[in-house]
Amino acid sequence: MLERLNQAMEHIERHLGRPLDVAELARTAATSEYHLRRMFSALAGMPLSEYVRRRRLTVAGAEVLARRESLLEIAVRYGYGSGEAFARAFRAMHGVGPGEARRIGAPLVSQPRLTFRLTVEGSSSMRYRVVDKPAFTVVGLKARVPLVHSGPNQAIIDFVRRIAPRRLEELEKLSDQDPRGVVAVCDDLDPSRAEGTELDYYQGVITSATPTAAPGDATVLPVPAGTWAVFTTSGPAPRAIQDLWRDVFTEWFPSNPYRGRPGPEILRTLLSPDKTEADAELWLPVEREERV
């Protein structure tokens with residue numbers, strides 16, 4: 001998988017002047033567009049589109065300073081329809097316009113080329129199982145919240161605090177299959193998975209109950225049958241859970257014949273009495289991937 005990703009990185013370098021074609025990159029990486037975006041974001045720490053933009057402006061910046069071509073020629077080569085659009089993008093990354101950068105030889109920001117390598121640490125093993133699960137329903141209270149990669153998500157904290165305990169007790173009575181009890185469900189994430197993009201967040205339960213059984217103002221999310229990878233972890237909250245998400249994408253996916261598929265992501269968390277430690281179970285929708 002990492003070799004294929006590096007081939008996709010080389011493809012990007014050869015076509016920096018073209019619009020980003022994620023479908024073509026996914027074919028190069030021998031995976032789906034959905035999985036490529038998620039894998040890249042987890043490994044690189046930025047969305048794929050942001051990396052391409054930064055690489056394009058890095059190479060364009062070197063050509064601006066080289067003074068061999070006009071600014072408009074450089075702008076057109078790297079996909080900008082006008083000198084003004086190029087100048088805005090250039091200034092957003094480098095903090096200075098291309099004309100001024102050329103005139104005074106200003107220092108510019110550089111986005112290095114990415115190369116993916118597998119580092120074997122061997123200090124810990126990942127606990128997981130793969131489950132084929134029939135169709136089920138998520139029934140819960142829903143909010144639209146921003147994505148936070150590290151540290152507490154205040155929007156989620158505030159949302160959960162507003163839920164009356166009796167509402168969760170009503171929902172919990174509908175829980176009749178794994179993962180049991182009240183769970184957190186994330187759905188409809190932006191494909192880039194960039195920090196600050198929005199997602200649907202549910203506090204709810206997994207059930208076989210019909211939609212008409214949803215109590216009060218609860219929202220119903222039908223989920224079709226499919227395969228799920230289930231990961232478990234224990235440790236400080238929320239760091240252990242966020243580290244688990246990172247490790248799944250940087251270690252487990254590259255080493256196993258599965259890729260992510262569209263669907264909700266489910267987290268069951270049991271907190272210690274002082275809420276500083278957590279036992280967590282993460283359910284991710286996956287499909288088997290044929291490796292070549």
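## Strand 2 and its two partners

Strand 2 pairs with strand 4 (residues 198–207) in the antiparallel sense, over 10 bridges. Within this pairing, V145 of strand 2 stands opposite L199 of strand 4. The description given here rests on a predicted model.

Strand 2 spans residues 136–146, and eight of its 11 residues are buried, so that the strand is mostly covered. Strand 2 is also joined to strand 5 (residues 219–223), again with the two strands running antiparallel, through five bridges. T137 and P222 of strand 5 stand opposite each other in that pairing.

## Strand 3 between strands 4 and 8

Strand 3 is joined to strand 4 by five bridges, and the two run antiparallel. Opposite C186 of strand 3 stands Y201 in strand 4. Strand 3 also runs antiparallel to strand 8 (residues 265–271), to which three bridges join it. Here the bridge partner of A184 is L267 of strand 8.

In a regular strand, side chains alternate between the two faces of the sheet. Strand 3 shows V183, V185 and D187 pointing one way, with A184 and C186 pointing the other way. Which of these residues are buried? All of them are, on both sides of the strand. Strand 3 is accordingly described as mostly covered, with five of its five residues buried.

## Helix 4 and its surroundings

Helix 4 comprises 19 residues, from 48 to 66. The distance from its first C-alpha to its last is 28 Å, close to the 27 Å expected at 1.5 Å a residue. Directly after the helix comes R67, which has a positive phi near 65°.

The buried residues of helix 4 are L48, Y51, V52, R54, R55, R56, L57, T58, A60, G61 and V64. Their cover includes helix 1 (2–14), helix 2, helix 3, helix 5 (71–77), helix 6 (83–94) and helix 7 (98–104).

## The crossing of helix 4 and helix 6

How do the axes of helix 4 and helix 6 cross? They come within 10 Å of each other and cross at roughly 100°. Helix 4 is therefore roughly perpendicular to helix 6. On the side of helix 4, the contact is made by R53, R54, L57, T58, A60, G61 and V64, and on the side of helix 6 by F86, A89, F90, M93 and H94. By character, the residues of this contact divide into seven nonpolar, three polar and two charged.

## Backbone features in the loops

Two residues that are not glycine have a positive phi in loops. A30 has a phi of about 60° and is placed in the loop between helix 2 (22–29) and helix 3 (33–44). Its relative accessibility is 31%, so A30 counts as partly exposed. D188 has a phi of about 55° and lies in the loop between strand 3 and strand 4. With a relative accessible area of 46%, D188 is partly exposed.

Where is the cis peptide bond from D178 to P179? P179 is found in the loop between helix 9 (165–172) and strand 3 (183–187). The omega of this bond is near -5°.

Conventions:
Residues numbered from 1 in each chain as written. Predicted model: local features only at pLDDT ≥ 70, side-chain atom pairs only at ≥ 80, totals over all residues. Heavy atoms only, no water. Buried < 20%, exposed > 50% of the residue type's maximum accessible area, 1.4 Å probe, protein only. Helix = DSSP H or I, 4+ residues; strand = E, 2+ residues; numbered from the N terminus. Pairing = 2+ DSSP bridges. Expected span 1.5 Å × (residues − 1). Contact = heavy atoms within 4.5 Å. Axes fitted to C-alpha atoms, helices over the stretch in contact; angles between N-to-C directions. Parallel < 35°, antiparallel > 145°, perpendicular 65-115°, else oblique. Nonpolar A, V, L, I, M, F, W, Y, C, P; charged D, E, K, R; others polar.
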